[in-house]
Every structure is written in C-alpha cells, then in structure tokens.
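Pull up the model and keep the sequence beside it. We'll take a short walk through a few spots and see how each one is put together.

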Amino acid sequence: MTRPPPKFLQTEERAYYGGGRVKLAQAEAHGAVGFVSVNTLTGERLYPFADDVRQYQSWDMTWRKPDGKPFVASQIPVLANVSVAGAHKLLGQDADMILAAAETREGAVKGFALPFSLHAVLHSEIHKMESENVVGVLPGSDPMLKNEYVVLSAHLDHIGVTPPVKGDAINNGALDNAAGVATTLEVARLLRAGRKPTKRSVLFLIDTAEEKGLIGAEYFARNPTVPGSAITADVDLDMPILTYDFTDVVAFGADRSSIGPAVKRAAARINVKLSPDPMPDEGTFTRSDHYRFVEQGVPAVFLATGFANGGEAATRFFMKTNYHKPSDDLSQAIRYDVGAKFARLNYEITRELADGARPSWNKGDFFADKFVRK
Ligand SMILES: [Zn+2]
C-alpha cells in the first residue's frame, strides 16, 4: 500500500503524486512486487467505488510502441483496488486509523506489516486492435514560425457499450466529447475562412482512447508527426458544458505558463473572464489529454466552461445525471449558440498562441521542473 499525497501540497502537485503511475513507480522503487490500492474517504466522495466497478467491466488498454511491444508504465502488477468498506473488512479497526490519517494535512500513514498475506495469480488475455488518431495541419504563414506548431486537441472516443441504464446501453458522449471535437473542427474552419493565416502552424489532434487512459494523446505526444521540439503548446477541449451561456472559462494549468495570460486576453475579446479552478481537489490538470503533452515538457491547458452565470449548477447537474452515462446524448438542452461562442473563444486563443510569443512555462514551475528535458 502507498500513502496518499499530503494535503499541504498544492492541489495539482498533489494530483501528480496521487496519480496511479507515480504511485506505482514509487512503490516499485521501494521494492514492491504487487500493488493494492485502498480508496480514501475523499477519494470515495469524489470518485465513488461503485462508479469504478462499472468501468472495471470493460477492457484495459495501452498503446503499442514502434517495435510492436505494448507500452507499460510500470513493471509491477496492480492486483486489487479496495473500497472503503472492503478496507474495513480486511483491516478491521486499523482501517479507521489509516483512513483518518490519510485525511490529515500531512497524510502520514505509518507503514506496518499486514496481519495476512496475499496470494494472487494473474491471468491476462491480450487482444490487438486498431484505433486511429486523426491529425490535420493548417500551415502557418511566417517563414520561420511555420515550423512551430500549436496543438488543439480533443478526444474522439467515449466509453462505448456498458450495462444499460434505463434500458439504454449505448454511451453517446454528446458533450464528452463530440462537443470538443465539433469545436475543434469549427476552429479549423474559422481559421481557414479568416483573412490571414496564423504565423505558427496549427495542428489539430482528434485523438482516440482518452477514456482508456489518455492513450491516443500519449501515443501522439511520444510519437508526434512533427518534430517534438516544434510543438509549442497544447490546448485540450474535453466535455465543454454547453447547456448555459458561459461568461467565464477555466483553463486548468493557466497559472503555470504563458498560455494562461494568452487565454485571458483572448477571452476578454469576447467578454468572457478567466476564472481559477473551481474544483481544485479534483486535480483536473493531470486528468485529461493535455497532460500527456505536459509529460513531454510542452506547456498545456485544458479549457472548460466556468461556474459563473449558472455554470456551477449546469456542471453539477451534468456530472450527476449524464456524465459517462447513456443519457449524455442529443436530448440534453444543448445551446448551439453557446457552442458557437465556445468555438469563437478557441479561435481567439489559437490566434494568440500561434501569432504571439512562443508559449513558455513560468520560471520554476513544478511540472516544468519535472518534465522539461534539460
Ligand atoms: Zn472526455
């Protein structure tokens, strides 16, 4: 077992340490041969175990390297994920102590020997399948800067067919993420229809298998179709809530690079404000496709509609009622005029990034220190 990251850390840095891969790597470095995770009380509140169980019924996926071998982030197997209730069954009263300690500021759970041992046999069944990323480029006009790329990304997949909810098993993913893909296509159309081309080139990445662990984006970020060093920024669009007229936006990662101020300037041009992350505990910065670019040292943000002007209620309603459910479909009260406004905003952001100074990390940023190759 590994302990959760302490609460005094900045929430995005906390999310970095709390991410599955970093935890696995830490456990491996400390000599672990297998990995069992226990949900914390906060984790249970944010991501109920019952929701996870529904998704465990679908296949795990990874991507294949050019040599055909599957990419695996860690050599030690994940043997089990245990719910809060399961932790009580396994550990009895110790569970209360551990779960309580995990909620403290230091999050310091003292290690101890478990009163039992775990015997596990893993059987893996492996299938090969193909699913493509779709990439398009609008070349820039500047003789030098056209060799640099601003990436606009959106995932094309959703969660497919699951056990039915109210008799419907097909998860349509209208907002998650047909809305992001449609916005990206519309930005491409606006740029082509515009008076003048951007200085930098704009690369549109409609990537696959986000819902399976940011897989298409990771494949692209590690095997880009243009030189990796020429990728200057990524703006990711995932699940914009288009059921209300947004007056603010959130750019997860805005405080970390010059993309934040660029988004602020672009948004101001259409009377939209840039707001801070309204749900910092969720660690959203590490949880969508743009993060695969961050891991390659590229400054990136994930752009979402904000909480003002009814946004909080609309977002909470969506998360409760339709998120990752068959009802995320076209019967929702989607405001197409708001979709157009979101596309306009992203057009303005793309222009800022493709015409202005090369996007750069803020000095001393945590993620730049972790990931930028020196
Ligand atoms: Zn999504």
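What follows is a tour of a metal site, a helix pair and two loop residues.

Keep in mind that this is a predicted model. Let's start with the metal. The zinc ion has three protein donors listed here: NE2 of His 155, an OD atom of Asp 176 and an OD atom of Asp 238, lying 1.9 to 2.1 Å from the ion. If you like to think in sequence patterns, the donor residues are spaced H-x20-D-x61-D. Within that set, His 155 and Asp 176 link distant parts of the chain: His 155 belongs to strand β4 (residues 149-155), while Asp 176 sits in helix α7 (residues 174-193), and they are 21 residues apart. As for exposure, both His 155 and Asp 176 are buried.

Now for the helices. Two packed helices are described by the angle between their axes and the distance between the axes. Here the pair to look at is α9 (residues 259-269) and α12 (residues 336-355), whose axes come within 8 Å and cross at roughly 135°. That angle makes α9 oblique to α12, because the cut-off for roughly antiparallel is over 145 degrees. The crossing of α9 past α12 is right-handed. Which residues make the contact? On the α9 side they are Ile 259, Ala 262, Val 263, Arg 265, Ala 266, Ala 267 and Arg 269, and on the α12 side Leu 345, Glu 348, Ile 349, Glu 352 and Leu 353. Sorted by class, the contact of α9 with α12 has 8 nonpolar and 4 charged residues, with no polar ones.

Step back along the chain to the loop between β9 (248-252) and α9, and you'll find Arg 256. Is Arg 256 buried or exposed? Its relative accessible area is 6%, so Arg 256 counts as buried, the limit being under 20%. Leaving out residues up to four places away in sequence, Arg 256 touches Gln 10, Glu 12, Glu 13, Phe 285, Trp 361, Asn 362, Asp 365, Phe 366 and Phe 367.

For the last stop, go to Ala 32, in the loop between α2 (20-29) and β1 (35-38). With 24% relative accessibility, Ala 32 counts as partly exposed. Setting aside neighbours within four places in sequence, Ala 32 is in contact with Ala 27 and Ile 76. If you want a distance to check in your viewer, try Ala 32 and Thr 286: these residues are 254 residues apart along the chain, and their C-alpha atoms are separated by 24 Å.

How values were computed: Residues numbered from 1 in each chain as written. Predicted model: local features only at pLDDT ≥ 70, side-chain atom pairs only at ≥ 80, totals over all residues. Heavy atoms only, no water. Helix = DSSP H or I, 4+ residues; strand = E, 2+ residues; numbered from the N terminus. Buried < 20%, exposed > 50% of the residue type's maximum accessible area, 1.4 Å probe, protein only. Contact = heavy atoms within 4.5 Å. Donors = N, O, S within 2.8 Å, 3.2 Å for Na, K, Ca; no water. Axes fitted to C-alpha atoms, helices over the stretch in contact; angles between N-to-C directions. Parallel < 35°, antiparallel > 145°, perpendicular 65-115°, else oblique. Left-handed = near helix turned anticlockwise from the far one by under 90°. Nonpolar A, V, L, I, M, F, W, Y, C, P; charged D, E, K, R; others polar.
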